[in-house]
Amino acid sequence: MIKKLGYYVFAAFFALFRCFPIREEKVFFIATHDDSDEGNMGLIAKVIKQEMPEKRLYFLTKRDGIQHPFSFFLGKAYHMATAGTIFLDNIFMPMAYTPVSKKAKVVQLWHGTGTIKRFGLDSDTGEVARLAKKANQRITHLIVNSEKTKKQYAGAFGVPLERVYILGLPRTDLILDVGEMEAKRRKFYEKYPELQGKRCTLYAPTFRDNEVAQPKVMLDLTSFTKTMGEEDVLLLRLHPHVAENFSGEILEQYTGKVVNLSDYPGVTTLLAVSACLITDYSSIVFEYCLFDRPMIFYAYDLKEFQRDGRSFYDDYSSFVPGPVAENQKELEQLWEQGFDYESRVKMFREDAYKFLDKNAIRRLFKLIFA
């Protein structure tokens with residue numbers, strides 16, 4: 001109820017500021033999922049600053065909200081109402097009540113490079129689905145990677161196919177930039193010199209909707225660390241809801257073997273320094289497949305997720321680019337013994353991407369700013 005009241009108040013100020021003219025030089029970023037310099041928003045902003053000095057950039061991030069009422073309801077609403085271009089990496093629910101000027105472009109980049117599980121209007125129900133559908137009506141450009149994701153995202157956002165553009169996403173440009181990724185690796189090892197020369201495995205599980213009240217980590221760290229050699233380190237990248245309830249004291253017994261990097265500002269760097277990824281239903285695999293490294297899918301609740309959770313767009317076990325482990329024993333055996341993965345990862349990558357040329361941002365700018 002409090003959230004919905006906040007939506008109404010934001011919309012009221014937005015409507016008031018609609019009386020001011022649209023400023024073509026203003027670009028408003030709604031980065032409520034990832035406001036790091038490795039996210040779509042940060043990467044676009046960097047290039048605009050370098051190449052379009054006439055543009056004026058304004059940001060609404062996950063740190064903004066009703067806890068800063070003056071800035072949120074006045075400042076953010078004003079800049080959004082008068083911006084010529086609005087970029088989003090998430091659904092911004094106040095948009096359900098804020099008709100945007102026809103002169104403005106609303107560009108949804110989302111925060112996932114692709115999707116395994118159903119999302120948006122393909123999984124939401126009730127009031128959430130109703131508001132999301134109304135908010136998504138403001139989208140003028142929905143940016144995706146492939147023909148397959150074009151159809152999936154059109155349905156998940158409730159957007160006509162003619163508003164969905166296969167251009168590629170900025171985060172792909174970053175991963176394919178060898179020099180930039182090497183610089184980020186160096187910066188990482190400067191901060192964590194003890195990890196230099198180690199063989200890092202990244203554990204990055206997705207968030208379960210039914211775990212809001214009691215988030216948990218289902219990987220048995222005691223058992224897993226017993227399989228690890230001297231050169232091995234397990235990196236944890238937990239969802240914010242899980243991370244904030246995950247006590248650092250738990251990891252004290254695993255010092256030197258398990259490192260919690262849930263707060264590290266860029267997940268792309270963590271992918272770059274990891275020799276193997278363990279995940280489940282996360283879209284992070286669409287980025288990791290560009291590194292040509294092994295992935296293990298620890299789907300301990302696969303049957304329950306298919307039955308009671310969001311379910312999937314494709315048959316899970318045959319779609320993911322790596323072996324599926326449904327229990328800890330299977331996971332440890334796969335991780336210890338290794339497996340062939342190159343051909344499966346290659347097929348997955350070819351299906352997930354139309355472009356792999358580091359020119360996604362160029363195509364986006366040509367479409368939006370030309």
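Which residue in β4 is the bridge partner of L88? In this predicted model, that place is taken by Q108. The pairing belongs to a set of four bridges that join β3 to strand β4 (residues 105-108), with the two strands running parallel. On β3 there is a second partner to look at, since β1 and β3 also pair in the parallel sense, here over five bridges. Within that pairing, F28 has I86 in β3 as its bridge partner. Strand β3 itself (residues 83-88) is mostly covered, and six of its six residues come out as buried.

Further along the chain sits an open sheet of six strands, in the order β9-β8-β7-β10-β11-β12 and with parallel pairing. Its edges are β9 (258-260) and β12, each of which pairs on one side only. Going through some of the neighbours in that order, β7 (residues 199-203) and β10 (residues 274-279) are held in register by four bridges in the parallel sense, and T201 faces C276 in β10. Next come β10 and β11, again parallel, with three bridges between them; here I278 is opposite I296 in β11. The pairing of β11 with β12 is parallel as well and rests on two bridges, with F297 standing opposite V324 in β12.

Strand β11 is worth a second look for its side chains. In a regular strand, side chains alternate between the two faces of the sheet. Along β11, M295 and F297 point one way while I296 and Y298 point the other way, and all are buried. So which way does the residue opposite V324 point? F297 is that residue, and F297 shares its direction with M295.

Turning to helix packing, two packed helices are described by the angle between their axes and the distance between the axes. For helix α1 (residues 2-17) and helix α3 (residues 69-82), the angle is about 50° and the axes are 8 Å apart. The two helices are therefore oblique to each other, and their crossing is right-handed. The contact is made from the α1 side by G6, V9, F10, F13, F14 and F17. On the α3 side, the residues they meet are F72, F73, L74, K76, A77, Y78, M80, A81 and T82.

Then there are the charged pairs. Side chains of opposite charge can pair when their charged atoms come close. The model holds 18 salt bridges, and a few of them are picked out here. One is formed by the side chains of K184 and E38, at 3.8 Å from N to O. This pair links distant parts of the chain, with K184 in helix α7 (residues 178-191) and E38 in the loop between β1 (23-31) and α2 (40-51), 146 residues apart. Both K184 and E38 are buried.

A second salt bridge joins D292 and R349, whose closest N and O atoms are 2.6 Å apart. D292 lies in the loop between α11 (285-288) and β11 (295-298) and R349 in helix α15 (residues 342-352), so the bridge ties together parts that are 57 residues apart in sequence. The two ends are not covered alike: D292 counts as partly exposed because its relative accessibility is 41%, whereas R349, at 16%, counts as buried.

A third, between E326 and K303, has its closest N and O atoms 3.4 Å apart. E326 is in the loop between β12 (324-325) and α14 (328-337), while K303 is in helix α12 (residues 302-308), so this pair ties together parts 23 residues apart in sequence. Here E326 is partly exposed, with a relative accessibility of 34%, and K303 is exposed, at a relative accessible area of 54%. Salt bridges also form a network, which links K4, E127 and R130.

Finally, what does R363 touch beyond the residues up to four places away in sequence? R363 has its place in helix α16 (residues 360-369), and its contacts of this kind are L167, F355 and D357. R363 is buried because its relative accessible area, 19%, falls under the 20% cut-off. The C-alpha atoms of R363 and G168 are separated by 8.2 Å, although the two residues are 195 apart along the chain.

Notes
Residues numbered from 1 in each chain as written. Predicted model: local features only at pLDDT ≥ 70, side-chain atom pairs only at ≥ 80, totals over all residues. Heavy atoms only, no water. Salt bridge = Lys/Arg side-chain N within 4 Å of Asp/Glu carboxyl O. Buried < 20%, exposed > 50% of the residue type's maximum accessible area, 1.4 Å probe, protein only. Pairing = 2+ DSSP bridges. Axes fitted to C-alpha atoms, helices over the stretch in contact; angles between N-to-C directions. Parallel < 35°, antiparallel > 145°, perpendicular 65-115°, else oblique. Left-handed = near helix turned anticlockwise from the far one by under 90°. Contact = heavy atoms within 4.5 Å.
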